[in-house]
Amino acid sequence: MEGRRVTWVRRSRIEGDGWDGPDIPLGEESERYLLRLMREGVVLAEVQTSDPDWSVPEALWASLPPGPVTVAVAQLSQTFGRGPFARRDFDVR
């Protein structure tokens, strides 16, 4: 997390061993993620995105008091459904 911007490295569930191009093969029909911004287990925001990148809206960011927040991201798949969430904690200052 840099400022209000959250980014992550995408991974592949299928055929992820080939590195013939600039990025690994996606292995899915489309690239989709479910992202949650949480504090103490309460979901403050939930969005779906097709890029491994999300900026916290200014209004939401301004409403957050200082303290820890958790960002959780899960890959969405037509075949497998929602994958497990990867989580990371950050401090809002």
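**Aromatic pair**

I count two rings of Phe, Tyr or Trp, the last by its six-membered ring, as a pair if their centres lie within 6.5 Å. With that rule I searched the whole structure, which is a predicted model, and the search returned one aromatic pair. The rings belong to W8 and Y33, with centres 5.3 Å apart and planes at 80°, and since planes over 60 degrees apart count as edge-to-face, I entered the pair as edge-to-face. I then looked up where the two residues sit: W8 is in the loop between β1 (5–7) and β2, whereas Y33 is in strand β2, so the pair ties together parts that are 25 residues apart in sequence. Both W8 and Y33 are buried.

**Strand β2 and its partners**

From Y33 I went on to strand β2 as a whole, and I noted that six of its eight residues are buried. On one pairing, β2 and β3 run antiparallel and are joined by seven bridges, with T49 as the bridge partner of Y33 in β3. On another, β2 pairs with β5, also in the antiparallel sense and over seven bridges, and here the bridge partner of R36 in β5 is A72.

I looked at the turn next, where β2 and β3 form a hairpin with two residues between them. E40, in the loop between these strands, has a positive phi of about 50° although it is not a glycine. Its relative accessibility is 78%, so I put E40 down as exposed.

**T49, at the end of β3**

What does the side chain of T49 reach? I found that it comes to 3.2 Å from the backbone nitrogen of D51. T49 lies in strand β3, which covers residues 42–49, and it counts as buried because its relative accessibility is 13%, below the 20% limit. Setting aside neighbours within four places in sequence, I listed W8, E31, R32 and Y33 as its contacts, a list that holds both members of the aromatic pair.

**Nonpolar cores**

I then asked which residues have the most contacts inside the largest nonpolar core. That core has 15 residues, and the answer is L35, L37, W54 and V71. Strands β2 (32–39), β5 (67–77) and β7 (86–92) each supply at least two residues of this core. A second, separate core has six residues, among them L34, A72, A74 and L76.

For W54 I also wrote out the contacts beyond four places in sequence, which are R4, R5, V6, W8, L35, A45, V47 and L60.

**L76 and S77, in β5**

L76, a member of the second core, is placed in strand β5 and counts as buried at 9% relative accessibility. Not counting residues up to four places away, L76 touches R32, Y33, L34, Q48, G81 and R82. I checked the spacing to Q48 by C-alpha positions, and the two residues are 9.0 Å apart in space and 28 residues apart in sequence.

S77 is likewise in strand β5, and it is buried, with a relative accessible area of 6%. A polar atom of the S77 side chain lies 3.0 Å from the backbone nitrogen of F80.

**Salt bridges**

How many salt bridges are there, taking a Lys or Arg side-chain nitrogen within 4 Å of an Asp or Glu carboxyl oxygen? I counted three.

- E58 and R4 meet at 2.8 Å, N to O; E58 is in helix α1 (residues 58–63) and R4 in the segment before β1, so this pair ties together parts that are 54 residues apart in sequence. Both are partly exposed, E58 with a relative accessible area of 46% and R4 with 31%.
- R5 and D53 have their closest N and O atoms 2.4 Å apart, and the pair links strand β1 with strand β4 (residues 53–55) across 48 residues. R5 counts as partly exposed at 42% relative accessibility, as does D53 at 24%.
- E46 and R36 have their closest N and O atoms 2.5 Å apart, with E46 in strand β3 and R36 in strand β2, 10 residues apart. E46 counts as partly exposed at 45% relative accessibility.

Methods: Residues numbered from 1 in each chain as written. Predicted model: local features only at pLDDT ≥ 70, side-chain atom pairs only at ≥ 80, totals over all residues. Heavy atoms only, no water. Helix = DSSP H or I, 4+ residues; strand = E, 2+ residues; numbered from the N terminus. Buried < 20%, exposed > 50% of the residue type's maximum accessible area, 1.4 Å probe, protein only. Polar contact = N/O pair within 3.5 Å; in protein donor to acceptor, adjacent residues only side chain to side chain. Contact = heavy atoms within 4.5 Å. Core = buried A, V, L, I, M, F, W, Y, C linked by side-chain atoms within 4.5 Å. Pairing = 2+ DSSP bridges. Phe/Tyr/Trp six-rings, centres within 6.5 Å; stacked < 30°, edge-to-face > 60°.
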